[in-house]
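User: I'd like a close look at one part of this protein, with the rest brought in as it helps. Here is what I have on the screen.

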Amino acid sequence: MLKTGIKLFTVVFLSQLATVCFAYDFSVENDGTKIYYKIKNAIDTVAVTSKDDAYGSYFGDVNIPDSVVYDGKTYIVGEIGNSAFRNCESLSSVKIPNGVTSIGDDAFRKCTRITNIKLPTGLKTIGYYAFGMTDLDSISVPSKVEEIGGMAFADCANLKSVKLPDKLKIIDNYAFMNCRNLRTLNIPDKIEIIGRSAFFNCVLLGEDVYIGINIKRIGLYAFGNCYNIKRVHCFGEMYIPYCEEGAFGDVTPINKTLIVPYGYKESYTKLPVWKDFENVKEEE
C-alpha cells in the first residue's frame with residue numbers, strides 16, 4: 001500500500017507543480033513592510049506576489065491593505081498570488097483583507113512560524129499546497145469556499161481543528177494528508193467528493209466520521225491510516241457513493257462499523273469496499 005501511495009503522490013506532485021510568475025509590477029510599503037504587487041487583468045485589481053524566485057520576501061507581521069495606490073491609481077487587493085509568501089520562515093502573522101477572493105498555489109507553503117491565520121470572508125478559492133507545511137493549529141474556512149484544493153493543508157503537523165463551510169462540495173486529493181494531530185473535523189452535508197488520500201495519516205481523527213447524503217465519490221486511501229476512526233456514518237441513499245480501494249484502510253475486513261440509512265444495508269454490502277466493513281448497521 002505504501003509503495004502505491006508513494007507512486008500516486010509523485011505523479012500528482014509532478015503533474016500539479018504551480019506555475020509561478022515573480023515579476024511584480026510595483027511595491028508599496030504598508031506598516032513598515034514593503035509589499036509586492038502584480039496587476040491583474042481584472043479592472044483595478046492586484047495580487048500580492050513575491051519579490052523574486054528566491055522566495056522569503058516577507059518576515060515579521062504583515063498587514064495587507066484593502067487597496068493600494070500606485071502612479072495615481074487605486075487598486076483593490078483581490079488575490080494572494082502563487083508562492084507569494086512561500087518559504088517565508090520568519091513570517092509571524094499575516095492580515096488578509098476581506099476583499100481577497102483567491103489564495104494561490106503554494107501561497108503560504110512552508111511558513112513554519114504561522115500558527116494562526118484568519119481567512120477573508122470573501123475567499124472563494126484555496127490553491128494547491130496553499131498552506132502546506134505551515135504551523136497552523138486550527139483553521140476556519142469561509143462560507144463561500146466550495147472546494148479545498150489538492151494538498152491545501154497537507155503536512156501541517158500541528159493542525160488540530162478544522163471548520164469547513166456548509167457549502168463545501170469537494171475536498172481534493174491529499175488536502176489534509178499527514179495532519180497527524182487533526183482531531184476535530186466537520187464534513188459538511190453537501191460534500192460530493194472526498195479525494196484520494198484526503199485525510200491519509202490523520203491518525204488522531206475522531207472516532208466518528210459523518211458523510212452526508214450528497215456524497216458521490218470517496219477516493220483511494222481517503223481515510224487511510226486513520227486508526228482512531230471507529231464508526232463511519234454514510235448517509236448516501238439517492239445513489240450509493242463510489243468508494244475506491246483502501247478508502248478506509250487497506251486491511252480486509254475493515255475493522256470499523258459502517259452505519260447506513262435505514263433499509264440500505266443490503267445495497268451497501270453488495271458493493272466494493274462497502275462490503276468489506278466488518279460490521280454494517282442501519283441507522284435507527
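How many bridges join strand 16 to strand 18, and do these strands run parallel or antiparallel?

Analyst: Keep in mind that this is a predicted model. Strand 16 (residues 208–211) and strand 18 are joined by four bridges, and the two run parallel. If you want a spot to click on, take Asp208, which stands opposite Arg231 in strand 18. Those two residues also meet through their side chains: Glu207, Asp208 and Arg231 are linked in a network of salt bridges. As a general point, side chains of opposite charge can pair when their charged atoms come close.

Strand 18 has another pairing to look at. Strand 18 and strand 20 pair over three bridges, again in the parallel sense. Here, His233 has Ile259 in strand 20 as its bridge partner.

Stay around these strands and look at the loops. Phe223 sits in the loop between strand 17 (217–218) and strand 18 (231–234), while Phe248 sits in the loop between strand 19 (242–243) and strand 20 (254–260). Their rings form a stacked aromatic pair, with 5.4 Å centre to centre and 0° between the planes. The two residues are 25 apart in the chain, so this contact links distant parts of it. Both Phe223 and Phe248 are buried.

Cys234 is worth a click too. Cys234 counts as buried because its relative accessibility is 0%. It is in no disulfide, and the nearest cysteine sulfur, that of Cys243, is 7.9 Å away. In fact, a search of the whole structure turns up zero disulfides. Cys88 makes the same point elsewhere: its closest cysteine sulfur, in Cys111, is 5.1 Å off, too far for a bond. Cys88 is buried as well, at 1% relative accessibility.

Now for some context on the salt bridges. The structure holds eleven of them. One of these joins Asp25 to Lys38, with the closest N and O atoms 3.9 Å apart. Asp25 lies in the loop between helix 1 (2–15) and strand 1, and Lys38 lies in strand 2 (residues 33–39), so the pair ties together parts that are 13 residues apart in sequence. Both ends are partly exposed: Asp25 has 34% relative accessibility, and Lys38 has 26%.

Glu89 and Lys110 form another salt bridge, the closest N and O atoms being 3.8 Å apart. This pair also links distant parts of the chain, with Glu89 in the loop between strand 6 and strand 7 (91–95) and Lys110 in the loop between strand 8 (102–103) and strand 9 (125–126), 21 residues apart. Glu89 is partly exposed at 38% relative accessible area, and Lys110 is partly exposed at 31%.

For a buried case, go to Asp106 and Arg109, whose salt bridge has its closest N and O atoms 3.3 Å apart. Asp106 is buried, with a relative accessible area of 3%, and Arg109 counts as buried at 15%.

Back to aromatic contacts for a moment. There are 19 aromatic pairs in the structure. Phe26 and Tyr75 make up one that is tilted, at 5.8 Å centre to centre and 35° between the planes. Phe26 is in strand 1 (residues 26–30) and Tyr75 in strand 6 (residues 73–80), 49 residues apart, which makes this a link between distant parts of the chain. Phe26 counts as buried at 2% relative accessibility, and Tyr75 does too, at 8%.

Finally, there's another set of parallel strands to set beside the one you asked about. An open sheet of three strands runs in the order 10-12-14, with parallel pairing. Strand 10 (138–140) and strand 14 (184–185) stand at the edges with a single partner strand each, so one side of each is left without a neighbour in the sheet. Strand 10 is joined to strand 12 (residues 161–163) by three bridges, and Ser138 stands opposite Ser161 in strand 12.

Notes: Residues are numbered from 1 along each chain as its sequence is written. This is a predicted model: local features need pLDDT of at least 70, side-chain atom pairs count only at pLDDT 80 or more; totals for chains, interfaces and linings use all residues. Side-chain values use heavy atoms; hydrogens and water are left out. Rings of Phe, Tyr and Trp (its six-membered ring) pair if their centres lie within 6.5 Å; planes under 30 degrees apart count as stacked, over 60 as edge-to-face and the rest as tilted. Buried means under 20% relative accessible area, exposed over 50%, partly exposed in between (1.4 Å probe, protein chains only). A salt bridge is a side-chain nitrogen of Lys or Arg within 4 Å of a carboxyl oxygen of Asp or Glu. Two strands pair if DSSP finds at least two bridges between them. A disulfide is a pair of cysteine sulfur atoms within 2.5 Å.
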